[in-house]
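Q: I'm in my first year and still learning to read protein models. Could you take one part and walk me through it slowly?

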Amino acid sequence: MDTSKLFSLEGRVALVTGGSRNIGKWIAQGFIAQGAKVYISSRKADVCFATAHELGPNCIALPQDVSTVGGCRDLAAAFSELEPKLDILVNNAGAAWGEAFETFPESGWDKVMDLNVKSPFFLTQALHGVLKAAASAERPGKVINITSIDGQRLNPWETYSYQASKSALIFLTKRMAARLITDHINVTSIAPGAFPSDMNKAARDHGDGVAKRIPAGRIGREEDMAAAAIYLASRAGDYVVGETLTVDGGMVNANIGGESIDP
């Protein structure tokens, strides 16, 4: 048994949505460090190109808004013009919305559900051909959905569509996994806890205070997210199918008090 290359991504091609900042960027960095060629997509073209330049020649920008089915198909078409095969897809682009129950708007419901649930499904569908082209029993393709611990337990904030969307995506991961494993494509998800990001401003702006309520005693670091994604994307994760990997310092599974870490 040779374990020296279990986490290598040499020769692999990856696409990361929402890859220009925060969790998506950290995952892209981790993949590149392990030898992958990584395409990143985000809605803001200037930020997408700037991040690709920062991450180096093995990072290519493909700016696209994937909040609609048309946008998902456009991204898949743009990718397919450049690459015949896709080894790893990370569905990371997402949105959140918080508002009181009495005034929570339809727009806040639809925006979040469309981007967080609908888009991962239809982008994967649009890329199915190039994913199958890269996949084999010996080296399965990978689809990694970025979910959240807010899909696993309640928080006290009125983020109705966000919590519903992440719960839905966790179960959609299982349903997609059951179908795509027949094409040698493994579908999994990562459920992050408190990581400093534009979506989790509490962890970003008040990390020390948030850390006191996390069993591990700290908020998540860039390497924690990169490591989880590398594990699932690499040979190390080839026998993991339909699973959600919770990366949260123990908030869901080792938290006696149940305190919230959200903004």
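Which residues does S165 touch, not counting residues up to four places away in sequence?

A: Happy to! Keep in mind that this is a predicted model.

S165 touches V112, M113, N116 and V117, if you leave out residues up to four places away in sequence. S165 itself is found in helix α6, which covers residues 160-180. Is S165 buried or exposed? The cut-off for buried is under 20% relative accessible area. S165 has a relative accessible area of 0%, so S165 counts as buried. Its side chain also has a polar atom that lies 2.7 Å from the backbone oxygen of Y162.

Now take one of those contacts, V112, and look at what surrounds that name. V112 is included in a second, separate core of 30 residues, along with V66, V130 and L172. Nonpolar side chains tend to be buried together in soluble globular proteins.

Next, try K111, which is found in helix α4, residues 106-126. K111 is partly exposed, because its relative accessible area is 48% and that class sits between 20% and 50%. With residues up to four places away in sequence left out, K111 touches A95 and W97. You can also find G94 from here: K111 and G94 are 17 residues apart in sequence, and their C-alpha atoms are 9.4 Å apart in space.

V66, which we met in the second core, gives us a handy link to another spot. The C-alpha atoms of V66 and R21 are separated by 16 Å, with the two residues 45 apart along the chain. R21 is found in the loop between β1 and α1. R21 counts as partly exposed because its relative accessibility is 47%.

Step on from that loop into helix α1. Ten of the twelve residues of α1 are buried, so this helix is largely enclosed by the rest of the structure. Among the buried ones are N22, K25, W26, I27 and F31. You can check the helix length too: at 1.5 Å a residue, the twelve residues should span 16 Å, and the end C-alpha atoms are 17 Å apart, which agrees. After α1 comes G35, with a positive phi near 105°.

Two of those α1 names matter for the largest nonpolar core, which has 31 residues: I27 and F31, together with V38, V90 and I190, touch the most other members. Elements that give two or more residues to this core include β1, α1, β2, β4 and α9. For a feel of how F31 sits there, look at its contacts, again without residues up to four places away in sequence: they include V16, V38, I88, V90 and I230.

I88 and V90 bring us to strand β4. I88 and V90 point one way from this strand, while L89 and N91 point the other way, and all are buried. On one pairing, β4 runs in the parallel sense with β1, over three bridges, and L89 is the bridge partner of L15. With β5, β4 also pairs in the parallel sense, over four bridges. There, N91 stands opposite N145.

To retrace the route in the viewer, start at S165 in α6, go to K111 in α4, and finish at F31 and its contacts, V90 being one of them.

Methods
Residues are numbered from 1 along each chain as its sequence is written. This is a predicted model: local features need pLDDT of at least 70, side-chain atom pairs count only at pLDDT 80 or more; totals for chains, interfaces and linings use all residues. Side-chain values use heavy atoms; hydrogens and water are left out. Buried means under 20% relative accessible area, exposed over 50%, partly exposed in between (1.4 Å probe, protein chains only). Contact means heavy atoms within 4.5 Å. A nonpolar core is a set of buried Ala, Val, Leu, Ile, Met, Phe, Trp, Tyr and Cys residues joined through side-chain atoms within 4.5 Å. Two strands pair if DSSP finds at least two bridges between them. The expected span of a helix is 1.5 Å times one less than its number of residues. A polar contact is a pair of N or O atoms within 3.5 Å; within protein, one must be able to donate a hydrogen and the other to accept it, and residues adjacent in sequence count only if both atoms are side-chain atoms.
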